Every structure is written in C-alpha cells, then in structure tokens.
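Open the model in your viewer and keep the selection box at hand. The tour goes stop by stop: select, look, move on.

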Amino acid sequence: MSADTDPATGTDPATGTDPATGTDPATGLARADEPLFDLPEELAIDTDVARKAIAAFIRGQLRQAGFEHAVLGLSGGIDSALVAYLVAESIGSERLLCVMMPYSASSPASQGDAEAVVADLGCAVDLVEITGMVDGYFGRDGVAGEGGAAALAAAQLRRGNFMARMRMAVLYDRSVSWRGLVVGTGNKTESLIGYTTLFGDSACAFNPIGDLYKSQVRQLSAAIGVPEAIIRKAPSADLWPGQTDETEAGFSYPELDRLLFWRVDKRRSTEELVAKGFDPALIERVDRMVAGAEFKRQVPPIAKLGPRTAGVDYLYPRRRPGSSARP
C-alpha cells in the first residue's frame, strides 16, 4: 500500500479514489471532477453528422427488410445504451423493445443502469433471466447439467461465450413476437480485435455502431444523452463478477483505438507507428489479434460446386420488399 493511501479505506486521502484505478471504490465510477472520457484528438467525430447518418441507416435497413420495429439486448453498458438511444431517435421509442438478460452473477448495478435507459427512453422492455438456461447446461453447485461433467468444469470464458449465445437466442425469439429486426451493439474496436462471441453478441440483422471505435462510442453517447454513470464506468461484458474489458485485454481503449485507427484506417506501417510512440510489442500483439479474428468478420465460406454460389458469385445487395428485379 502506498504511503499516500489511507490504510483504513485504501483510498487516496486527497482525491478519495482508489490509486490503482482512479475510481471511487463506493461506486466504481470516476470522480465527478474527472473528464467524462478520454478522446484521442484524431478520433474525434462530428456527432451531429454521425447521428444523421446512423438514423438514415437504421430506417433504411428496416425499410428494406420490410420491418418497422427493432429489438436489442440492453446490458447496462455503453454500447447497447448508445444503440438504444440511436434507434429511439431514428424510429421512435414506441417501436423499440429492449431486453435485459441477466445471469445470477451479473452485476445488479448493470441492471440498474439498463433500467435507467429504459425509463429515459420510454420504450418497451422485457426481463429474461438466463440463469436457468446456462446452469441447465453447465450445471451448478457440483451437480452436472445437460453438458455433463466436462461442462461442469468449464472455464469462465467458455461459460461467458455460452451466455452470449443464449442471450442472442432469446433476442431472436423475442424478435418474432415483436415483429422487429435484431439490432447489433458491437463497436469497431471489439470487431477488429475479436473481442466478441461469434453467433453471440456479434449476431444481428444490422449494426449501427460497428464503424465506431470505443472512444467514439463514448463521444457520441455524451452527445445523445446516455446517462453519465454509464459513460464513466469501466466497460465490461459482465460475464463474471469483477470482469472488465481493459483488465482482461491488458490495455486501455484510448491507446488501442489510436493504434487501430493509424494501422487500419490510415494504413500506417510498423515503422511509422513506432515513430508515433507505439510500443513495438503492442503493435505486434494487436496485429496478431486483428488477423486472428478475421474469421469472425466474414460470412462462412461455402465450397463452390454449382455455376452460381451464394456469397461467391451470386451477390446482390438487399432489395426492398416487392422488388421486381429478377433473382
């Protein structure tokens, strides 16, 4: 413990925060006098333009598919909260269904944040506990479930991936009764490094924020009115108690976003990135993550046998319902 730390509370007496994280241990949030978020200069966007473009995109995707409603999973995190606000702004909150799907170990604070979003938007909401679905397969308290003994001993990551897929199964089932499309909530940073569950949180009919880095998600969230508590808290998939994205990944989002921006968007070489101050080891690690996650960003390949193969040489954009164009 640092000499500058209060031995009774473990906090910095001058700021009242945990010196290791810079957060208030009572709330898990940054101090109110701290900046709302860290936005690297090169990642700043025109939020008014972004909102207009995304609104047109959302309305266009629904119209082309012949739907008027949308459904999304609301976790209490910033990504799903931002998408909820964007959808409500685009088509009206009365056409949006938010589904909260906690597990028994999920943070109660996350559900509270999700409820705050629903209350602010005035949209429809469902609460579906996934504990029974998950424990029914993996088992609990030493008793095996349908997955057998091997599943009972599964690691947290395996369980977390299963939870993500169960949540998406619920969303697609709810989409039937709501008669709406499932909206994606994953950001560009997660997609590039593969921090997503294939056919879990990455599954959707369309994704309004898939081209926004996490830092830009924070900027747009502040502009559209996402509650400050959600913007300030440490990003987490809430897959197990205490889990946070940055702790698990080992780097901060602003640092990672800058690296990805210069590598992917600006196509800078390794030498140019090093000249900008990036650690060569970090560059190499991120490059491996981006390359290793490519399969998650692609439609599954199909073995070509016939003269025209879907996804290979039978390629058409989505058409409006009732289009007279020949297939």
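A residue counts as buried when its relative accessible area is under 20%. Keep that cut-off in mind, and remember that this is a predicted model.

**Stop 1: Trp262 and its surroundings**

Select Trp262. Its relative accessible area is 12%, so Trp262 is buried. Add Phe261, which is buried as well, at 10% relative accessibility. Now show both rings. Phe261 and Trp262 make an edge-to-face aromatic pair, with 5.2 Å from centre to centre and 80° between the planes. Next, add Lys276. Its charged end sits over the ring of Trp262, 3.8 Å from the ring centre.

**Stop 2: another lysine over a ring**

Select Lys214 and Tyr253. Lys214 lies over the face of Tyr253, and the distance to the ring centre is 5.4 Å.

**Stop 3: a stacked pair**

The structure contains five aromatic pairs. For one of them, select Tyr137 and Phe162. The ring centres are 4.8 Å apart and the planes meet at 15°, so Tyr137 and Phe162 are stacked. Colour the helices next. Tyr137 belongs to helix α4 (residues 131-138) and Phe162 to helix α6 (residues 156-178), so this pair links parts of the chain 25 residues apart. Turn on the surface. Is each ring's residue buried or exposed? Tyr137 is partly exposed, at 30% relative accessible area. Phe162 counts as buried, at 19%. Finally, add Phe138: Tyr137, Phe138 and Phe162 form one aromatic cluster.

**Stop 4: strand β1**

Select residues 69-73, which make up strand β1. Four of these five residues are buried, so β1 is largely enclosed by the rest of the structure. Which strands pair with β1? Strand β2 (residues 96-100) runs parallel to β1, and four bridges join the two. Pick Leu72 here; Cys98 in β2 stands opposite. Strand β4 (residues 180-182) also pairs with β1 in the parallel sense, over three bridges. Pick Ala70, and find its bridge partner, Leu181, in β4.

**Stop 5: the second largest pocket**

Rolling a probe the size of a water molecule over the atoms shows where empty space is left. Select Leu198, Ser202, Ala203, Lys296 and Arg297. Among the 21 residues that line the second largest pocket, these lie nearest its centre. The second largest pocket holds about 520 Å³ of space. Colour its lining by class: eight residues are nonpolar, nine polar and four charged.

Key:
Residues numbered from 1 in each chain as written. Predicted model: local features only at pLDDT ≥ 70, side-chain atom pairs only at ≥ 80, totals over all residues. Heavy atoms only, no water. 1 Å grid on protein atoms, 1.4 Å probe; cavity = no way out; pocket = protein on both sides within 12 Å on 5 of 7 lines; lining within 4 Å. Points joined across faces, edges and corners; volume = space filled by probe spheres on them. Nonpolar A, V, L, I, M, F, W, Y, C, P; charged D, E, K, R; others polar. Phe/Tyr/Trp six-rings, centres within 6.5 Å; stacked < 30°, edge-to-face > 60°. Buried < 20%, exposed > 50% of the residue type's maximum accessible area, 1.4 Å probe, protein only. Lys NZ or Arg CZ within 6 Å of the ring centre and 35° of its normal. Pairing = 2+ DSSP bridges.
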